[in-house]
Amino acid sequence: MADNDAPNTTPAKPAAEAAEKSVAEKANGGPASSESPAQPVPAASRPAGGARPQRGPRRERPDHRPRRRGPGGGATEPNPARPGARSTPRVTEWFQDLRQERLRFELEEIWDEGKLAYRWTGAITPPPPLVEPRGLSREQCIEIFRWMLLNRALEQQLENLYKQSRVVGGVYFGLGQEGCSVASAYALGPNDWMAPMIRNQGSLLVRGFPARDIMMQYMARADSPTGGKDGTSHFGDLESRHVVAPISMLGDLIPVMAGVCLGERLQGREIAAMTWIGDGGQSTGVFHEGLNLAAVQNLGLVLIVENNLWAYSTPLQKQTRIRDLAIRARAYGIPAMIVDGTDPFQVYQAAHQAIERAHAGGGPTLIEAKLMRMKGHAIHDPAAYVPAAMLEFWRLRDPIARLEIWLKRKSWLDEAAIEEMRRAVESEILAERDAAEASPMPPPERAFEGVYCDGCHDPRPRFLGRGRRRP
Amino acid sequence: MQLTYVEAIRLALEEEMRRDPAVFLLGEDIGVYGGAFKATAGLIDEFGPVRVMDTPLAESALVGAAIGAAYTGMRPVAEFQFMDFIACAYNQIVNFAAKSHYRWQAPVPIVLRGPAGGGVHGGPFHSQNPEMHFVHTPGLKVVEPATAVDAKGLLKSAIRDNNPVIFLEHKFLYRRVKEEVPEGEHLAPLGKARVARPGRDLSVITYGAMVPLALEVADRLAGEGLELEVLDLRTLLPLDVEGMLASARRTSKVLILHEDTRTGGLAGEITALLQEHAYEDLDGPILRLTAADTPVPFSPPLEEAFLPSAARLAEMVKQLARY
Ligand SMILES: Cc1ncc(C[n+]2csc(CCOP(=O)(O)OP(=O)(O)O)c2C)c(N)n1
Ligand SMILES: [Mg+2]
């Protein structure tokens, strides 16, 4: 299987990739690429103002602000009293692929000694170096690295707690996906909103929740953010961190996060609301409903489709006939990007661009991050259905290892500094674990509390009547 | 002001939108068209297309967007073109909205309103009474007014409530009920039943379009010397247990009447409550008159056979009165 649905907008193929391609061709016994035959056309060679080349790359418009129509129907300045009286923006650029390499592999069903199994065929090549980070300082790159280490250390600790029977229920891991969870959330501003899925524990850390919160959730303790009423990453914070708690039903966050943008718009604010969905979750009807609503209303939804190639035990080709989930964006009239989800700088760049677009009133963006779920669906699942070679390919793309190599090559961190950082992260996690374990189990009578809000909260819009504000 | 039931709904929306800039409307065809039943007629002209937002034809997105906006402190009122379509948004309501405050202390002040109920030959998909799907869901409130005064008063209270409220408007009553409706700050409390007609002999506990039916039968039987008390529940979740018990104790005989189908209908729950709390006070069996356990049929003679009738109610009441 080669991912080949998206239009080719890569300006020039790096030599390394050409070499990789020929390896892949050999491995696949034929030309590996069935990518779009369209040749890239440099933006400068486009006829100015005239007809657009049929299938060339499209350039980002510098300003995605929608034109707004006043009562007279002409383009006017935004009218804060009626912020919705606007026309839909013309999206002149809809697709960007930031990747340095394309995935080429086959996953087939085979009979293996009377059992149906999957066989993966592809070239197990090393990954290219990470892209140069855009808009990130040295300190920020190091900070992202540290969040990724913390994300992984947290999950290792959760595994320990599980083995010691201190976790109630299962544990879900984002192993191999830390770069995506962390770098995407890292791009959010303080007034933006997010809603994690179960594997995005890293995003919760970045958004300011201490690791103990996640541990207490898994251990069902009294002081967990939900007080023992729900587990895992199913918690949030409306007031300060602007995090919406997910529910288990996949896809349902998408219209909800669109609604968050709508609620903020009614208060005169254009914000970004980020959420994540898997290659499985994107098959739901509500994915379509939510994304379409966001598109029609031009809401700043930043939807990151984490295509980790498996949904529990179901491989991508049993979810959908397309290979690049990003091309769905075309059908909603919204821009899309594909990134290598194991390259945190690509993820950051795409997320940042999408967030800027949202802030400028430019509507939603779909970002497909290609990566791999490196463990089973949850701790109980040994994922025997995943071919070993597939894991081997992706182990070379471990996001933490890739970033570590990059930071060393840059001489921004040396071995000693990294060791030091790992130790600091480890002791932070141990301290967090101790704090989490100090929390008791919840008192039984709490089971009956809080079904209704009987005046315990005072929900009201914070920004109505205070004039327009930009996040 | 003389208003129909649906005009009272519209007035409540208008007043609440004027009073509180956090209130806004979303739904299918509610803008320029003013809604399939004109419950939002003209509101887009006063409040603009953002506060009166036409959505795509997608009920999960409709409710999801309402929930998200509520998280930012807004008070969305989402219209279902027909309440039958609420099934399409079941997951958003039951799993997202209803559990939000319990799970993570995030209130969801939304109202999901629209026309429910039969008697207008709407067939299986435009006549249903979906209340029990939601009465069985902790975290929701379920409301159904029977009069224009309550349509206004309950809707205003629902909008101000901090919880997700399923607001069932009975389409049979939309234009058949017309009465004097107070302007301005008239609120009817959620969770409180209303004695629609006091009487000493027997209580008919009911709601929605069955209230006028019960009143009609009560008037007729008064001529025969039988005084019925008609209790209009108004809120189905949470039930006004005290109000029901008080009525049962006054008359010592109870018949429960609803337009919803029988098995798993509200009558079963009310019967259980009365047995638990008022067994000693009752002088006869608790009876129920409901629609049949079938989908709502389309053809008029079929639908009439399906629905509870005044004749059947009078018959059962007389039977119960003999105890
Ligand atoms: C609507 C819905 N159906 C089924 C499930 C059960 N379930 C939980 S996770 C999962 C697989 C999800 O795969 P994907 O969306 O690709 O996310 P990933 O686990 O790969 O991160 C399934 C089937 C669910 N949570 N929600
Ligand atoms: Mg997946």
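**Exercise 1. Find which strands flank β12 of chain A, and how the chain gets there.**

Solution.
Step 1. Start with strand β11 (residues 336-340) of chain A, which is joined to β12(A) by 5 bridges, the two running parallel. The model is predicted.
Step 2. Pick one contact in this pair: A:D340 stands opposite A:K370 of β12(A).
Step 3. Trace the connection. From β11(A) the chain passes through helix α9 (residues 344-359) of chain A to β12(A), and this β-α-β crossover is right-handed.
Step 4. Look for another partner. Strand β8 (residues 301-307) of chain A also pairs with β12(A), in the parallel sense, over 6 bridges. Here A:N307 has A:K370 as its bridge partner.

**Exercise 2. Decide whether β12 of chain A is covered or open on its faces.**

Solution.
Step 1. Recall the rule: in a regular strand the side chains alternate between the two faces of the sheet.
Step 2. Take one side of β12(A): A:T365, A:I367 and A:A369 are buried.
Step 3. Take the other side: A:L366, A:E368 and A:K370 are buried as well.
Step 4. Conclude. Both faces are covered, and 6 of the 6 residues in β12(A) (residues 365-370) are buried. Buried here means under 20% relative accessible area.

**Exercise 3. Work out why strand β7 of chain B is called largely enclosed, and name its neighbours.**

Solution.
Step 1. Check burial. In β7(B) (residues 165-170), 6 of the 6 residues are buried, so the strand is largely enclosed by the rest of the structure.
Step 2. Split the residues by face. B:V165, B:F167 and B:E169 lie on one side, B:I166, B:L168 and B:H170 on the other, and all are buried.
Step 3. Find one neighbour. Strand β5 (residues 111-116) of chain B pairs with β7(B) in the parallel sense over 6 bridges. Within this pair, B:L112 stands opposite B:I166.
Step 4. Find another. Strand β6 (residues 141-143) of chain B runs parallel to β7(B), joined by 3 bridges. B:V143 has B:F167 as its bridge partner.
Step 5. Follow the chain from β6(B) to β7(B). The path goes through helix α6 (residues 148-160) of chain B, in a right-handed β-α-β crossover.

**Exercise 4. Describe the second largest pocket and its lining.**

Solution.
Step 1. Give the space: about 570 Å³.
Step 2. Count the lining: 32 residues. Nearest the centre lie A:M197, A:I198, A:S248, A:L250 and A:H377.
Step 3. Name the elements that give two or more residues: β7 (273-278) and β9 (310-311) of chain A, together with α4 (90-104) of chain B.
Step 4. Sort the lining residues: 13 are nonpolar, 12 polar and 7 charged.

Terms used:
Residues numbered from 1 in each chain as written. Chains lettered and ligands numbered in written order. Predicted model: local features only at pLDDT ≥ 70, side-chain atom pairs only at ≥ 80, totals over all residues. Heavy atoms only, no water. Buried < 20%, exposed > 50% of the residue type's maximum accessible area, 1.4 Å probe, protein only. Helix = DSSP H or I, 4+ residues; strand = E, 2+ residues; numbered from the N terminus. Pairing = 2+ DSSP bridges. Right-handed = clockwise from strand over helix to strand, strands pointing away. 1 Å grid on protein atoms, 1.4 Å probe; cavity = no way out; pocket = protein on both sides within 12 Å on 5 of 7 lines; lining within 4 Å. Points joined across faces, edges and corners; volume = space filled by probe spheres on them. Nonpolar A, V, L, I, M, F, W, Y, C, P; charged D, E, K, R; others polar.
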